[in-house]
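These notebook entries record what I looked up in a single structure. I set them down in the order in which I took up each topic.

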Amino acid sequence: MNLGEQLQKLREEKKMSREELAGEMNVSRVYKGENNKGYPDIENLIKLSEFYNVTLDELIKGNQSFQSKIAIDRKKSEDFSDPGFVVGIILVFAGLFLDLGKFSAGVTILGFLTMFFYEDLMRTFWSIKRDFQEGK
């Protein structure tokens with residue numbers, strides 16, 4: 001059973017309309033969640049679990065697509081397999097050890113910037129690419 005079906009079933013067991021539940025939850029409407037057109041945020045999921053007296057596990061575990069949408073923060077500061085770190089190190093070594101003339105210092109600096117700001121650079125690149133493609 002997906003999350004929307006489960007939410008609808010729990011609401012109907014309480015003999016409530018969507019409008020009554022929305023009022024109880026202090027949200028504008030619950031239509032999207034029950035029709036799988038959107039998902040409640042974590043704060044509302046907690047409220048729903050308390051309101052229906054079910055655990056978050058019971059709400060979430062049955063729905064694989066919802067589980068994949070939950071963002072889990074992970075710390076990547078010590079991850080040496082990160083593409084940004086690898087590309088940055090290559091650029092730093094290229095700048096330091098290859099005779100690139102005037103460009104050596106620039107390549108070295110670019111390597112350090114890539115190591116620290118790789119994700120931001122990639123996000124900017126993909127944003128520019130998407131904007132360029134939409135402009136055609």
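**Entry 1. Two helices and their axes**

At what angle do the axes of helix 7 and helix 8 cross, and within what distance do they come? I note beforehand that the model is a predicted one. I looked up helix 7, residues 83–97, against helix 8 and found that their axes come within 7 Å and cross at roughly 165 degrees. An angle over 145 degrees counts as roughly antiparallel, so helix 7 is roughly antiparallel to helix 8. For the handedness, I recorded that helix 7 passes helix 8 in a left-handed crossing.

**Entry 2. The chain overall**

I next looked up the secondary structure of the protein chain, which has eight helices and zero strands. Read along the sequence, the pattern is α-α-α-α-α-α-α-α. I also recorded that the chain has 136 residues, of which 27% are buried.

**Entry 3. Helix 2 against helix 4**

How do helix 2 and helix 4 pack, and how far apart are their axes? I found an angle of about 110 degrees, with the axes of helix 2 and helix 4 (residues 42–52) 11 Å apart. The range from 65 to 115 degrees counts as roughly perpendicular, and therefore helix 2 is roughly perpendicular to helix 4. The crossing of this pair, helix 2 and helix 4, is right-handed.

**Entry 4. Arg18 in helix 2**

I then turned to Arg18, which is found in helix 2, residues 18–25. Is Arg18 buried, partly exposed or exposed? Its relative accessible area is 24%, and the partly exposed class lies between the limits of 20% and 50%, so I entered Arg18 as partly exposed. I also looked up the separation of Arg18 from Glu34: the two are 16 residues apart in sequence, and their C-alpha atoms are 9.2 Å apart in space.

**Entry 5. Salt bridges**

How many salt bridges does the structure hold? I found two salt bridges. As background, I noted that side chains of opposite charge can pair when their charged atoms come close.

One salt bridge joins the side chains of Glu13 and Lys9, at 3.6 Å from N to O. Both residues, Glu13 and Lys9, lie in helix 1 (residues 3–13), where they are four residues apart, about one turn of the helix. Lys9 has 42% relative accessibility and so counts as partly exposed.

Asp120 and Arg123 also meet through their side chains in a salt bridge, with an N to O distance of 2.6 Å. Asp120 and Arg123 are both in helix 8, three residues apart, which is about one turn of the helix. Are Asp120 and Arg123 partly exposed or exposed? Asp120, with a relative accessible area of 38%, is partly exposed. Arg123 stands at 52% relative accessibility; exposed means over 50%, so Arg123 counts as exposed.

**Entry 6. A nonpolar patch**

Which residues make the nonpolar surface patch? I listed Ile109, Phe112, Leu113, Phe116, Phe117 and Leu121, which together make a patch of about 610 Å². I followed up Leu121, which lies in helix 8, residues 104–135. Leu121 has a relative accessible area of 44%, so I entered Leu121 as partly exposed.

**Entry 7. Positive phi values**

I looked up backbone angles with a general point in mind: most residues other than glycine have a negative phi. Lys15 has a positive phi, near 55 degrees, and is a residue other than glycine. I placed Lys15 in the loop between helix 1 and helix 2. Its relative accessible area of 73% is the reason I entered Lys15 as exposed.

Asn53, likewise not a glycine, has a positive phi near 60 degrees. I found Asn53 in the loop between helix 4 and helix 5, the latter being residues 56–60. Asn53 has 70% relative accessibility and therefore counts as exposed.

**Entry 8. Asn35**

Where is Asn35 found? I located Asn35 in the loop between helix 3 (31–34) and helix 4. With a relative accessible area of 28%, Asn35 is partly exposed. As a last item, I looked up Asn35 against Asn2: the pair are 33 residues apart in sequence and 9.8 Å apart in space, C-alpha to C-alpha.

Key:
Residues numbered from 1 in each chain as written. Predicted model: local features only at pLDDT ≥ 70, side-chain atom pairs only at ≥ 80, totals over all residues. Heavy atoms only, no water. Patch = residues over 30% accessible without salt bridge, like charges linked within 9 Å, V, L, I, M, F, W, Y side chains within 5 Å. Areas by Shrake-Rupley, 256 points an atom, 1.4 Å probe, with all protein chains shown as cover. Salt bridge = Lys/Arg side-chain N within 4 Å of Asp/Glu carboxyl O. Helix = DSSP H or I, 4+ residues; strand = E, 2+ residues; numbered from the N terminus. Buried < 20%, exposed > 50% of the residue type's maximum accessible area, 1.4 Å probe, protein only. Axes fitted to C-alpha atoms, helices over the stretch in contact; angles between N-to-C directions. Parallel < 35°, antiparallel > 145°, perpendicular 65-115°, else oblique. Left-handed = near helix turned anticlockwise from the far one by under 90°.
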